[in-house]
Amino acid sequence: MKAQYTHGRPVDESGVREMFTRVAKRYDVGNALMTLGMSGRWRREIQRRARVMPGNVVLDLATGTGQLAVDALRAQPSAQVIGADLTPAMLDIAKQRHPGSSIAWVCLDAHALPFDDSTVDVITHGYLLRYLDLHAGLAEQFRVLTPGGRLVALDTSPGAAGIIGRIASSATTFWPRLVGRFIGQTAEDYQFLQDSSLAFHSPAVIARALEEVGFEGCGSKSYLGGMLAVCWGQKPTL
Ligand SMILES: C[S@@+](CC[C@H](N)C(=O)[O-])C[C@H]1O[C@@H](n2cnc3c(N)ncnc32)[C@H](O)[C@@H]1O
């Protein structure tokens, strides 16, 4: 299935998988450098919004090396946590990083979730939305969530308007390029990430898309001068 990426060059799942296979081994260190070690701030917000309850089924999509899945399990040790990703090499690192954890690691494409309707209480994801057909991907997540289920999504955004946004945007151009080289990204990979970040939907557009597929109580919170945002919504209760 083709990912309908409409805000930059189109990508398909095999291209995405190849890119993340190249960077898998150095992804965590690259991510820590790229976010200047500040990811704890938005990771805490993600878990606060996710409100994982005892026994909940939690699905962390695009789990990569599994950090958000581990955060969910720490927040609620009796939860059944599934860490799912398109790229086997990323899941291999997740398994190595978290040996003996109760998390189920699953290889899947988020466009077609292998779960029945209304069977997942919480969905989280970090940096997945840009690879998805936004409405179809969110509708698929809505389908598998239980009534009252929560979706919390982190992604980059085009940045705040005005002087703060311009400073944040230029400061984050040089640094990710350097880190990208270090973790094994090709110039083309870097250009794609850069273009897709700058051209990606604003949090307001994502919140509106959440409402359009049926979520309620939607909102967002921005970080790093508007370069990152956590967006959330809840499936209505019956
Ligand atoms: C930048 S990494 C994010 C990893 C982790 N969530 C984090 O916050 O650091 C993006 C991940 O999305 C995965 N991905 C991309 N398209 C996907 C899809 N259609 N279905 C599932 N995972 C996908 C990639 O394989 C990659 O591991």
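1. Which polar backbone atom is 3.0 Å from a nitrogen atom of the ligand? The atom belongs to Gly126. Keep in mind that this is a predicted model.

2. Two side chains also make polar approaches to the ligand. Thr87 places a polar side-chain atom 2.6 Å from a ligand oxygen atom. Asp109 has a polar side-chain atom 3.0 Å from a nitrogen atom of the ligand. On its own, the ligand has 600 Å² of accessible area, and the protein covers 94% of that.

3. Now the shell around the ligand. Helix H1 (13-23) and helix H2 (27-34) are the elements that give two or more residues to this shell. In total, 19 residues surround the ligand. The closest are Tyr27, Ala62, Asp85, Thr87 and Ala110. Thr87 thus appears twice in this note: among the closest residues, and with its polar side-chain atom 2.6 Å from a ligand oxygen.

4. What classes of residue make up the shell around the ligand? Eleven are nonpolar, six are polar and two are charged.

5. On confidence, the chain averages a pLDDT of 86. A score of at least 70 is reached by 78% of the residues. Residues 1-10 need a caution, as the pLDDT there is below 50. The model still gives this stretch 23 contacts beyond near neighbours in sequence. Where pLDDT is low, the predicted coordinates should not be read in detail.

6. Away from the ligand, look at the strands S6 and S7. S6 covers residues 216-223 and S7 covers residues 228-234. The two strands pair in the antiparallel sense, over six bridges. One pairing to check is Tyr223, whose bridge partner in S7 is Leu228.

7. How many residues lie between S6 and S7 in their hairpin? There are four. One residue in the turn, Leu224, has a positive phi of about 50°.

How values were computed. Residues are numbered from 1 along each chain as its sequence is written. This is a predicted model: local features need pLDDT of at least 70, side-chain atom pairs count only at pLDDT 80 or more; totals for chains, interfaces and linings use all residues. Side-chain values use heavy atoms; hydrogens and water are left out. A residue is near a molecule or strand if one of its heavy atoms lies within 4 Å of it. A polar contact is a pair of N or O atoms within 3.5 Å; within protein, one must be able to donate a hydrogen and the other to accept it, and residues adjacent in sequence count only if both atoms are side-chain atoms. Accessible areas come from the Shrake-Rupley method with a 1.4 Å probe; for residues, only the protein chains shown count as cover. Ala, Val, Leu, Ile, Met, Phe, Trp, Tyr, Cys and Pro count as nonpolar, Asp, Glu, Lys and Arg as charged, and the others, Gly among them, as polar. pLDDT is the predictor's confidence in each residue, from 0 to 100. Contact means heavy atoms within 4.5 Å. Two strands pair if DSSP finds at least two bridges between them.
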